[in-house]
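Hi there,

Here is the structure I promised to pass on to you. Have a look at it first, and then read on for what turned up in it.

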Amino acid sequence: MDCDKCGADAVTHAAYSGAHLCGEHFRRSVEKRVRRRVREDGLLDPEATPDDPDRWVIGLSGGKDSVVLATILEETFGRDPRVELIGLTIHEGIEGYRDESLAACRELTDDLGIRHEVVSYAEEFGVEMDDVVEDDPENMAACAYCGVFRRDLLEGYAEELDADKLLTGHNLDDEAQTALMNVLEGDVRQVAKHFDASLGPFDDRTLDDADRDGDTTKSNAHARAESDHFVPRAKPLRDVPEKEVALYCHLRDLPSHMAECPHAEEAYRGEIKSILHDLEESHPGTRHSIMAGYEEIAGIVADTYRDDGDDGDADLGECIECGSTTSREVCRKCRLIESIEAV
Ligand code: SF4
Ligand SMILES: [Zn+2]
Ligand SMILES: [Zn+2]
């Protein structure tokens, strides 16, 4: 097959769009989608200046998604003095997995010339995932511990680095899976939270401290970005299917680490993934239409909760152990660490 744009040999055919593209045009099409998402989400603060740049922390795991995200963002904004990029890698303490992906992260950030920070569960919490899995004091899947620790470190360090945005490399498949899981679980509040946490344009999201204080003069997103303990998230890769991210990474020969974590066992997500895969095969475009509809519904649901004055975060306070935001006296992360230490 020939490329629709230039007639050269096509390297890919996207069933959902019908497009056949050569390497060069495929590459451009991925980059175009990421840039459009950045624009539509209003990622770049219009008030950012070279003296006061928008600081974006990228969660960099060394897997294909975050590597592609960091590369495209650097190539788009690397010379723009209004944007500052920092890669942040979390080391979970998983032998034979994270060490190699950390090497990929170092190589990439060296190549791109961006600042790179590494934080580990061992240094921050005194635990390593390999030991947690072995002891398993709460009788849970590895990812249930790991997800709590990772979120805590990503958010904590994004704040410490004084980030304006925290960006992660979730692709279209990841987001469509999460959307479907939330719907199938009937978790409407989770749908609203998903919207406010990372979907939708920044100006459509809310729930910031300045708003609660009655400051409505600034746009919600800017106000929230300026609030003390909440770095807004975004997922600029979420229009690009997983297979295309992998192909992009491969065609450009970017340093990435493809191996799966040996503790990965998100059983339910695996089921959803295979259902979505089958649906996409027989009805190309399913992932896109799920996300288009879900995002619209999520926006409406998020608005409704806000209008009811029920943001689900009404009685948030600070954890007495670590100071992070929680609805309990001691946050989930601190409770998990306590139970791991008690083994
Ligand atoms: S797969 Fe699970 S255990 Fe492994 S790094 Fe990811 S969240 Fe952690
Ligand atoms: Zn072409
Ligand atoms: Zn805590």
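To start you off at the sheet: which residue stands opposite G87 in β4? The residue is I58. Please keep in mind throughout that this is a predicted model.

**The sheet**

I58 and G87 belong to a pairing that sits inside an open sheet of five strands, in the order β5-β4-β3-β6-β7 and with parallel pairing. At its edges are β5, residues 115-120, and β7, residues 233-234, each of which pairs on one side only. β3 and β4 run parallel and are joined by six bridges. On its other pairing, β3 (residues 54-59) meets β6 (residues 165-167), again in the parallel sense, over three bridges. If you want a place to click there, W56 has K165 in β6 as its bridge partner.

How much of β4 is buried? Nine of its nine residues are, so the strand is described as mostly covered. In a regular strand the side chains alternate between the two faces of the sheet. You can follow this along β4: V83, L85, G87, T89 and H91 point one way, while E84, I86, L88 and I90 point the other way, and all are buried. β3 is mostly covered too, with five of its six residues buried.

**Helix α6 and the ligand**

Helix α6 is a good one to keep highlighted. Spanning residues 142-160, α6 lies across β3, β4, β5 and β6 and runs at about 150° to β4. The helix also turns up beside ligand 1: α6 gives four residues to the shell around this ligand, the largest share. The full set of residues around ligand 1 is E92, M129, A142, C143, C146, G147, C261, H263 and A264. Sorted by class, that shell holds six nonpolar, two polar and one charged residues.

**Two domains**

The chain is divided into domain 1, residues 46-311, and domain 2, residues 313-343. Their C-alpha centres lie 22 Å apart. Where the domains touch, 14 residues of domain 1 and twelve residues of domain 2 take part in the contact. On the domain 1 side, α5 (129-135) and α6 each supply at least two residues. Which of the elements gives the largest share of that side? It is α6 once more, with five residues. By class, the side of domain 1 that touches domain 2 has eight nonpolar, two polar and four charged residues.

**Helix α11**

Over in helix α11 (residues 242-251), the buried residues are E242, E244, V245, L247, Y248 and C249. You may like to note that two glutamates, E242 and E244, are on that list. The buried residues of α11 pack against β1 (12-14), α1 (23-40), α2 (64-77) and α7 (172-184).

**A few loop residues**

Just after α11 comes D253, with a positive phi of about 55°. D253 is a residue other than glycine, and its place is in the loop between α11 and α12 (267-282). Is D253 buried or exposed? D253 is exposed, because 7 other C-beta atoms lie within 10 Å, and a residue counts as exposed at 12 or fewer.

N139, in the loop between α5 and α6, also takes a positive phi, near 55°, and is likewise a residue other than glycine. With 6 other C-beta atoms within 10 Å, N139 is exposed.

The last one is D203, found in the loop between α8 (188-198) and α9 (209-212). Why does D203 count as exposed? The reason is its 12 C-beta neighbours inside 10 Å, a number that falls within the exposed class because that class takes in 12 or fewer. D203 and L43 are 160 residues apart along the chain, and their C-alpha atoms are separated by 9.7 Å.

That is the tour. Happy browsing, and do write back with whatever catches your eye.

Best wishes

Terms used:
Residues are numbered from 1 along each chain as its sequence is written. Chains are lettered from A and ligands numbered from 1 in the order in which they are written. This is a predicted model: local features need pLDDT of at least 70, side-chain atom pairs count only at pLDDT 80 or more; totals for chains, interfaces and linings use all residues. Two strands pair if DSSP finds at least two bridges between them. Two residues are in contact if their C-beta atoms, placed from the backbone, lie within 7 Å. Axes are lines fitted to C-alpha atoms, for helices over the stretch in contact, and angles run from 0 to 180 degrees between N-to-C directions. A residue is near a molecule or strand if its C-beta atom, placed from the backbone, lies within 6 Å of it. Ala, Val, Leu, Ile, Met, Phe, Trp, Tyr, Cys and Pro count as nonpolar, Asp, Glu, Lys and Arg as charged, and the others, Gly among them, as polar. Domain bounds come from an automatic or database domain assignment. A residue is buried if 20 or more other C-beta atoms lie within 10 Å of its own, exposed if 12 or fewer, and partly exposed in between; C-beta atoms are placed from the backbone.
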